[in-house]
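Visitor: Got a minute to walk me through this one? I'd like to start with the helices and then look at some backbone angles.
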Amino acid sequence: MSEASPAKAYSLHLGVIALLFMLSFVLPDYYHGLLARIMVLAVFAMGYNMLFGYVGLLSLGHAMFFGAGLYGAGLTIIQLGWNVPLAFLGGIACGAVLALAIGLLALRTTGVAFMIVTMMFAQVFYLLILYFSTWTGGDQGQVVPQPARVLTFGATSFDLTNPTVRYMSALALFSIVLLITLAVVRSRYGRVLVAIRENEERTKMLGYDTFSNKLIAVVVSGTICAASGAAYALLFGYVGSSFASVQYSILPLLWVLLGGAATTLGPLIGTVFMYYVIDVTSGYTSAYLLIVGVALILLVLFFPKGILGSIRQRWLGWLP
Amino acid sequence: MHFGPHLLLAALEGLVTSAVLALTALGLSLVFGVMRVVNVAHGEFFMLGAVLAWAISTAISGHPALGFLAALVIAPLIVGAIALVAERLVLRRLNYNPEATIVATIGMLYIIQQLALSFYGPEARPVEPPFSYRILLPWFGYSGYKLSIIAASALLLIATWLVLTRTRIGLVMRATQYDSETAQAFGIAVGRVYGGVFALGAMLAAIAAVLIVPISQAHYLMGQDPLLLSFIVVIIGGLGSLRGTVVAAVLIGLSDGIISMFFSPTLAKIIATLLVAMVLVFRPQGLFGTASR
């Protein structure tokens, strides 16, 4: 990362956003829908990357933040009849509050204990969803009805079930989060996070309060993941406990590792790549967990920096 | 049934859970203690043990005890061999880096689970118990096989304790656990100890699974609950403490049995998981462990 080229970095990211915008007009229906889903999930991966890539905290419980957003938005619509923007904010707020509480507790531990604690809190969250199945729908999940997923501004209204509206909403969320991530990691605060990752003791010695910096990172990360979950509930209309299971804590880890941890565009590339691989291979076999497993092992053995991380190491040192 | 007998039944069921859990958790604890590796695939080794037990016992005709005994010997050996290969191919190359090994064992979990689904299928299949003797208590009859699980588990735990404290193998393992570099300097082949411990951990899980499969059926997703419960036991008991592991297993098994019977199994899991997360947060060395180095 060199200080010299903020313009270069920003134009690259704006270019990616522009490319995604253009793709909306040329993609065939199937891939159009798939890419909208991928963009929402890439937001999840970006939130995960904030903590795992930049602070070096490996959490195995981020499904709980995604789930908080998903249920926060979905249930406020289904049970309380809130409108779309309110439900979206509600989902984000659920994630932020949960992240603050979990961060306060889990950050007392480090390393392996941190992973296990986050995994256990996520498991409690998952079990609570099953336990309160009267309201949450349990493992069957619930469908957010189509009429509730219409965004109204005065006279104009946007139906989030319409493919174009859905794609553009996903793109808007993706762009905002991408630019926020870019700004955060380039800021002084972002440098402190990287310093904590590289050497926490030394950062503490330099006078930084590492605990509160890490806590902020957990809250930012959890909030982004919740935004992704809330968007998923609103755009795809399904709220189910499988999204809060351990598997959904591991998938963002996989996407980030694949794309390149601590790169702003890595999560997108990882998510696109993994979905594409699964899409291609599912034509030949249904054994998609096998691919996920093999990918994880091969990545961690031979490719620990991921796609974009390796590119940055070899050729493009300026990538943020 | 009155409250007393009901409680007795719940406690008996809980003790069976404890017995199986103690064995599974012991495997996880050994691997964690000696190698500092969190084996997320531990539950899948458990599941493999159960699935192989079904395969072996259906392949052998005759009295059910024959098939069961064959499974009890062969299934752990196969699982141990698989674990040894995985350790050689993956974990050793990662230099036992704690975070990388977690990701790699998650990968193993998915691979084993998918292979089980592809070759064994999604059905739950039963294994016939080696004997079906019922012990008649004044209030209800209780399966003699379940009681024998508790006995078998106790025997195996005592055997493991003897090996760890009274033999040269145990000494080498403890030396490696205490300080692997010094152990290496004294001529202990640390790599081989690690391979052996990983295989042993997997075999303990497989044995536990073979013992439980006659009462709970083999299913490709059955590894998830034992994994979580073993984590809980290992954390509450304190790393590498055999006594802690047994006490914690009894505690968790009993409370799981009693809460499940009087309230709901999901609630029992929620309470146990939350409790343990809190133990980890506020007392990371576990209830019985000494402070980690």
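Guide: Sure. One definition up front: the expected span of a helix is 1.5 Å times one less than its number of residues. And keep in mind that this is a predicted model.

Visitor: OK, what span should helix 3 of chain A have, at 1.5 Å a residue?
Guide: Helix 3 of chain A covers residues 63-80, so its 18 residues should span 26 Å. The end C-alpha atoms are 24 Å apart, which agrees.

Visitor: How many of its 18 residues are buried?
Guide: 15 of them, so helix 3 of chain A is largely enclosed by the rest of the structure. Just after that helix, A:G81 takes a positive phi of about 70 degrees.

Visitor: Switching chains: how far apart are the end C-alpha atoms of helix 1 of chain B?
Guide: They're 46 Å apart, which agrees with the 48 Å expected for the 33 residues, 3-35. In that helix 24 of the 33 residues are buried, so the rest of the structure largely encloses it.

Visitor: And which residue just after helix 1 of chain B takes a positive phi?
Guide: B:R36, at about 60 degrees.

Visitor: Now loops. Where does A:A262 sit?
Guide: In the loop between helix 11 (246-259) and helix 12 (266-281) of chain A. A:A262 isn't a glycine, yet its phi is positive, about 65 degrees.

Visitor: Is A:A262 buried or exposed?
Guide: Buried: its relative accessibility is 8%, and the cut-off for buried is under 20%.

Visitor: What about phi of B:Y96?
Guide: Positive, near 60 degrees, and B:Y96 is a residue other than glycine too. B:Y96 lies in the loop between helix 3 (64-91) and helix 4 (98-120) of chain B, and is buried, with a relative accessible area of 14%.

Notes. Residues are numbered from 1 along each chain as its sequence is written. Chains are lettered from A and ligands numbered from 1 in the order in which they are written. This is a predicted model: local features need pLDDT of at least 70, side-chain atom pairs count only at pLDDT 80 or more; totals for chains, interfaces and linings use all residues. Side-chain values use heavy atoms; hydrogens and water are left out. Helices (H or I, at least four residues) and strands (E, at least two) are DSSP runs, numbered from the N terminus. Buried means under 20% relative accessible area, exposed over 50%, partly exposed in between (1.4 Å probe, protein chains only).
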